[in-house]
Amino acid sequence: MQPLIDIHGLTYNYEDGTQALSGIDFQLMPAETVVLFGANGSGKTTFLLHLNGLLQGSGAISICGLEVSATNMTQIRSLVGMVFQDSDEQLFMPNVLEDVAFGPLHQGLSETDAELAALNALRSVGINGLEHKAPYHLSAGEKKRVAIAGVLAMQPDILVLDEPTTFLDPPGQRGLIQILRSLPQAKVIATHDICFAQALATRAVFFEKGKIKGVGGVNQIIEQFSWRPSD
Ligand SMILES: Nc1ncnc2c1ncn2[C@@H]1O[C@H](COP(=O)(O)OP(=O)(O)O)[C@@H](O)[C@H]1O
Ligand SMILES: [Mg+2]
């Protein structure tokens, strides 16, 4: 079986010289949910930003068999749906429906079809009746679900989520687990939330100082690295 994500020797330095990733090898197989553990600053966000070409380091990244390069960014971004840690960075249109329809509209769908795609995506994350609200009037949990709908509307094969439970209260976190469970896409999720990881992940990867130090079952990795995030 071909991996959905296949990465060899990924290395990335920020402009100020910080080596954020070095020699990363990673595979994601169809239907897998992989969580990324590791302390703040270990490289998780930098890694995720490479999965749809927002950052481009050295090494080889292929997505669904397609080598990521400057020339196929549109295709890569329709395969990988990226949900940022802070929903306020993601939601920018005046109302929920326009926000979720933005992606499909820019993929070339007509206004009617983009709106239909948006309504379907909103339904799949359990958002009903909020279509005409301004995103900044929503709760953190609703914002997160709208942000997820925004990427689902583009029908990606892979969902990437950066610390999705950070701003959510416990009911919001439980709701998010249910929604993510119901979505068939393969997922890569950076999280500090052990219960969330245990509820969703088939595999965990442990980042330390820009390197992957271990790969295995969620509980195995927690034990191996005595991983107890304090936040
Ligand atoms: N824009 C940036 N410029 C310079 N260094 C950065 C930038 N963003 C992150 N870093 C550094 O890169 C390393 C990895 O950060 P990050 O990927 O955000 O880790 P994590 O998501 O695991 O907290 C850290 O040392 C961080 O300080
Ligand atoms: Mg981060």
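In strand 5, Glu 67 is the bridge partner of Ser 62. The model is predicted. Strand 5 is joined to strand 4 (residues 58–63) by 2 bridges. The two strands run antiparallel. They belong to an open sheet of 4 strands. Its order is 2-1-4-5, and its pairing is antiparallel. Strand 2 (19–28) and strand 5 (66–67) are the edge strands. Each of them pairs on one side only.

A second open sheet has 6 strands in the order 6-7-8-3-9-10. Its pairing is mixed. Strand 6 (80–83) and strand 10 stand at the edges. Each has a single partner strand, so one side of each is left without a neighbour in the sheet. On average, neighbouring strands of this sheet are turned by 20° against each other, direction ignored.

The pairings within the 6-stranded sheet can be followed strand by strand. Strand 7 (residues 158–162) and strand 8 (residues 186–190) run parallel and are joined by 5 bridges. Ile 158 has Ala 186 in strand 8 as its bridge partner. Strand 3 (residues 33–37) pairs with strand 9 (residues 203–208) in the parallel sense, over 4 bridges. Here Leu 36 is matched with Val 205 in strand 9 as its bridge partner. The sense changes to antiparallel between strand 9 and strand 10 (residues 211–216), which pair over 5 bridges. Phe 207 has Ile 212 in strand 10 as its bridge partner. Strand 9 and strand 10 form a hairpin, with 2 residues between them. Lys 209 lies in the turn and has a positive phi of about 45°.

Helix 6 lies across strand 6 and strand 7 of this sheet. The helix runs at about 165° to strand 6. Helix 6 (residues 140–152) also packs with helix 4 (residues 96–106): their axes come within 7 Å and cross at roughly 30°. From helix 4, the contact takes in Val 96, Asp 99, Val 100 and Gly 103. These meet Val 146, Ala 149 and Gly 150 in helix 6. By class, this contact has 4 nonpolar, 2 polar and 1 charged residues.

Helix 4 meets helix 5 (residues 111–124) as well. The axes of these two helices come within 8 Å and cross at roughly 120°. Helix 4 is therefore oblique to helix 5. The crossing is right-handed. Helix 4 contributes Leu 97, Val 100, Ala 101, Pro 104 and Leu 105. Their counterparts in helix 5 are Glu 111, Ala 114, Glu 115, Ala 117, Ala 118, Ala 121 and Leu 122. The contact of helix 4 with helix 5 has 10 nonpolar and 2 charged residues, and no polar ones. Val 100 of helix 4 takes part in the contact with helix 6 and in the contact with helix 5.

Ligand 1 has a shell of residues from several stretches of sequence. Tyr 14, Asp 16, Thr 18 and Ala 20 are among the residues around ligand 1. Gly 38 is also in the shell, as are Asn 40, Gly 41, Ser 42 and Gly 43. Lys 44, Thr 45 and Thr 46 complete the list. The largest share of the shell, 3 residues, comes from helix 1 (residues 44–50). By class, the shell has 2 nonpolar, 8 polar and 2 charged residues.

Notes: Residues are numbered from 1 along each chain as its sequence is written. Chains are lettered from A and ligands numbered from 1 in the order in which they are written. This is a predicted model: local features need pLDDT of at least 70, side-chain atom pairs count only at pLDDT 80 or more; totals for chains, interfaces and linings use all residues. A residue is near a molecule or strand if its C-beta atom, placed from the backbone, lies within 6 Å of it. Ala, Val, Leu, Ile, Met, Phe, Trp, Tyr, Cys and Pro count as nonpolar, Asp, Glu, Lys and Arg as charged, and the others, Gly among them, as polar. Axes are lines fitted to C-alpha atoms, for helices over the stretch in contact, and angles run from 0 to 180 degrees between N-to-C directions. Two residues are in contact if their C-beta atoms, placed from the backbone, lie within 7 Å. Two strands pair if DSSP finds at least two bridges between them. Angles under 35 degrees count as roughly parallel, over 145 as roughly antiparallel, 65 to 115 as roughly perpendicular and the rest as oblique. A crossing is left-handed if the near helix is turned anticlockwise from the far one by less than a right angle, and right-handed if clockwise.
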